[in-house]
Structure formats: structure tokens, C-alpha cells
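User: Got a minute to walk me through a model? I'd like to know what sits where.

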Amino acid sequence: MKIIVAIKQVPARDANVRTDTNARWIDEQDLSFEINEPDAYALEAGLLLKEKHSGEVVVVCAGPERAGQTIREALAKGADRGIHIVCDDLATLDTLAVARRLAAAIAAEKPDLILTGLQSEDLGLGQTGVVMAELLGIPHASIIMEVEIEGGSLRVKRELEDGWFQWVRMPLPALLTIQSGISKLRYATLMGIKKAKTKAVRRVAAGDLPAPGPQSVTLARLYLPQRKKETRIISGTTAEVAAKMADVLKFEVRVI
Amino acid sequence: MNGVLVVMEQRPRDGRPAWSRMSFEALAAGQELAAPLNQPLMAAVAGNALDELKADLARQPVSAAYVVQHELLQPYTADGFTAAIQQLVAKVDPAFVVFPHTYQVRDFAGRLPARFGQTLIADVIGLRMEGGTPVFVRQLLQGKLNADYRHSGAGPCFLSVQAGAFRADSLVAGSCEVEVFTPALERSAIRSQPEEPFRMSEHTVDLASAQVIVSVGRGIKEKDNLPIVEELAKALGAELAASRPICDNGWLPMERQVGSSGQTVSPKLYVAIGISGAIQHLVGMKGSKAIIAINKDENAPIFEVADYGIVGDLFEIVPALTTAVKKAKGG
């Protein structure tokens, strides 16, 4: 079976982000980037399925040149090949435009299964996968914890709210958005890193895909959130901080 | 194209349909949007056999309400709900469609706007008017930055609102006519077959009734380090809780997880240790009466909601705090 994993490169989790001069996006200078964490779990799910059912795992990533590194890392972990949609306008596109671009690149591959993370850690809209399924005319399920393939169909465990879960069956081809943290992530082996250098990455120019068209939703301004609460920072040596905090607990919060 | 249509959510509880509490927060958001725009507010709910909810809808402060009813809408499927709400939106022709940002909405509400050439503005935390048009506020990068979003173009504007962002208690009772709308749905067009929902563990720790909670996150680094927070919890007589990654790693059981996929808590005191404060965690604990955050990153979003903050190394501070608490209790 052919499995596509759509991945995104995002600023590193602990990155100190600032807005750019136009306040339309973040200043990307001096930032380090990494694979979107939920997408790493989607990749892991794809690799596990391949090991069980055989086939091919293809990673698709839209982004500027630097995204190539994230694709190579996915190949080093075991993906068979990559598709890099080379573009640097992602921050100006709405979900529908991004999904159109990804769907156009994916459709030509005729995959059996498409996996992606449940949401990105930068924009956090959590929609790209679902919209891709709509554009490709295939069923989907979101926030998935477990994937089983029986014959030509899927059985997946969806996470619901408040500790509830539900198994759902659907035919292939289908798209799943994968929950973060559902398995242990593998590391790339030295052999994997070496092999990755010889694996194919097809570069697709955004201009060769359908034009994004007019945006119905635009990010107008980016800014530091205003504190709603006055946070009292307790400072000093460790012993002083501990003693001051114990006083707070006793006399202000009154829990001891 | 006129009006604000709020699509509320129900789910079966003990065999009967019941409101998701976030539905009324979405209605409050809808009201906040409709009033300054001078547009009518409308509400809808989809499912099957919803007579009791229909009576509730008739008492809402809206100008019209719809019960979207069909036997194929129970149980929920993305295909069924997308088609049904699509037909309702086409009929009502609203300028705005507002959802609560629930797991169910996250599942189907992306498909719906795509059918109108639109994009869902998901997980909105606030809105305001600028030059007579609405600006929607969202959080980016795990809450490190806020972003203003605007909608333009021909189709309706679709948005979903974050849990706790709008206050349902601002709603006053009203009255309206409720119309039952039967969408045209085909069984063959519903591609997924859901099984019965289930819970993993029957014995859930009831964090919701805890007075004091000590909660631990990624900053603890390793399972072997957990005893230092357990010691503090013990000294404070607190329940131990965690953010999602800790439970995903199996370091603490899932039922101790606080956040959108775990429990929602509002204790007298919540101590967040090594928790950066991703949105998914904050929605589960920001209602706490007092919040103490201990984190090495002074820019961590947890400090946005904390009443007291300690910026530093938790491996030094937490044991020292445990000692100080024991001493204060003894004194």
C-alpha cells in the first residue's frame, strides 16, 4: 500500500519567537526549525503500517528551501521518498489554499492512505488534513490514536473529549489526522541517515500547482498577548524563593 | 447573506441527547458578533430525536432556531453532519457560522467551509469590531503570540470558539420559533461506520473536586524525577496531575491528565511545574482560583495565567519549596 505522510516544518518548540517588522509573520532570522511534532507521530504511524503491511511511505512537505532538511530527516527515519513543494508564501495563505496545493501534489500519487498530524504547532488551526480529504473526495477521521488495516478497509481509534474514545471503520483510500504522543518515536539510525542521501526528493514548484486564488481569511496582525493577569514573580535565592512562596501559600492562598 | 448562525452541539448522555456546555459559549460569541453588526442571531442543533433540546432552543435569545433532524445524524459522522449543516447554511444564508471548538467540530467543520470556498477560523479566543467589521483573535505558536484574523470575500465566514473564551452566563433567556429542518441525506454517502464510544478506565481520579493540584509537565524530563513533585504534592495534601506529554509517555496514568483531552479543573490552588502552558493545557486549568507556575522559560505562556511565578530550575526550587511548606505547616 502507498502511504503519504504530509509533514510541516515549524519553529522549534523552545524557540524565542518575535514578530517581523510588518507584524504579519514571525521574524525567521536566527530561528531553528523542526518537524511539527504531531506530524512526527503521523510519520511514525506510517512507518509502522509499512512494516506490517509492506508498501511505500512518501513524505510531502510544503515550505521554503530549509524544509528540505525536515524531509531528509523523515527519509533517514525510513520514509522511501519525498515531495518538496518549494514555496515561501505559506504564511500568507489560508488553510484552503494550502490544502489545495498539497492535495494537488498528492492526488497524482494516488495513495491508499494519507496521514498527517492533527494540527500544526505554529498556526494550530487543525484543518489542513480535513480540508485535504474534502478536496480529494475521500473519507477521513481526526485525532486518531490507533490504526488497523483489515483487507481493504480501515479501523481507527478516535479520541473524543473527557477520556472517551471510539472506533470507526471506513474504506480506503482515506485520510487520518494523527494525535500527538500515541507511540514512541524512532530515531534515525546511522545507516538510515546514510541511505537518506540517496533517496529521491521530487521538487515541485508552487507555480506548477493550481494558483491559490483569492484568500477569504487573512492574518492581519501578529503581536505579543496582553497579560490579563498581573503575575507576581517571586525572585531571590532558591531558599528565599521557597520561603516567600510558603508564606504566600499560608497567608494569601491559605492552603497550608 | 445576513445573520449569525450558531451551530450548537449535543451528544447522547445515558441514552438521551444532552447539550455540550461549550454550545452556550458559542452562542455567547454569536451574540457578541451579532449585536454590534445589528444582525439577527440564530441557533441550530443537529441529530435525531431532539425534542427535549428543541424545547430548550425555544427559550434562547435568538430570532430563529433550527433542529436539523435525520435518523442518519445519530450517531455522528463527518459525512452526515457536513452534508446536513451545508444544507442548513444554504437555506438560512447567514453571514457568519459559529461553532464551539469541540473535538466533533474539529472533525467535520473543516470540510464544510471548503464547500463554500471558505476557510474555518478555528479556535478563536476573542473578537472585536474595527471599522464596522469583525477582527477575530487566535493564539499562535502554543500561545506565544496572538494573531488578528479578518475575513473577506463572498461566502459566509466560518469560525469556532475556544472553550472558556466566551461566557455563557452572559446569555439571558429569550424566546423564538424553532423550525425542524430535515436535510436530504443518503445512507450510501456516509462512508464511515462509528462503533459505540467507550472509556478506557472506569476508575477516573476525580481531579475536578480536588482543592489543591500539583501538576507536572515536560520540564520534569524523566520519569525518575517524578518523586520530587510527588513530595511537594504530599506536603500540600494535593492531587497529582500532569500535562498531556507526561501521560502519553505513560509516566502518569491518563486519568491524571488536565487539559482539553483530559479533565477540566478549578481548584483553590494549581501549581504548574515545568508546564509551558500550551493552549490545550490552559483550557483545562485556567479557571483555578490561584495558579503558581514554576518554569525555567520566563516567556512560557503559563505565566500569562499565573498569579505567582517562579522563573528558575524546578529541580532546585521544588525540593526547597517542599521543605519550606513542611516547615510552615509545622510552625
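Analyst: Sure, here are some notes on one helix and one strand. This is a predicted model, where local features need pLDDT of at least 70, side-chain atom pairs count only at pLDDT 80 or more, and totals for chains, interfaces and linings use all residues. Residues are numbered from 1 along each chain as its sequence is written, with chains lettered from A and ligands numbered from 1 in the order in which they are written.

User: How many residues of helix α4 in chain A are buried?

Analyst: 8 of the 9 residues in α4(A), which spans 128–136. Buried means 20 or more other C-beta atoms within 10 Å of the residue's own, with C-beta atoms placed from the backbone. Helices here are DSSP runs of H or I, at least four residues, and strands are runs of E, at least two, numbered from the N terminus. Among the buried ones are A:V130, A:M132 and A:E134.

User: What covers them?

Analyst: The cover includes α3, β6, β7 and β10 of chain A, together with α5 (111–114) of chain B.

User: And what follows the helix?

Analyst: A:G137, with a positive phi near 70°.

User: Switching to β10(A): which residues are on each side?

Analyst: A:A174, A:L176 and A:I178 are on one side, A:L175 and A:T177 on the other, and all are buried. In a regular strand, side chains alternate between the two faces of the sheet.

User: Which strands does β10(A) pair with?

Analyst: β6(A) runs parallel to β10(A), joined by 5 bridges, and β7(A) pairs with β10(A) in the parallel sense over 3 bridges. Pairing takes at least two DSSP bridges between two strands. A:T116 stands opposite A:T177, while A:I144 has A:I178 as its bridge partner.

Technical notes
A residue is buried if 20 or more other C-beta atoms lie within 10 Å of its own, exposed if 12 or fewer, and partly exposed in between; C-beta atoms are placed from the backbone. Two residues are in contact if their C-beta atoms, placed from the backbone, lie within 7 Å.
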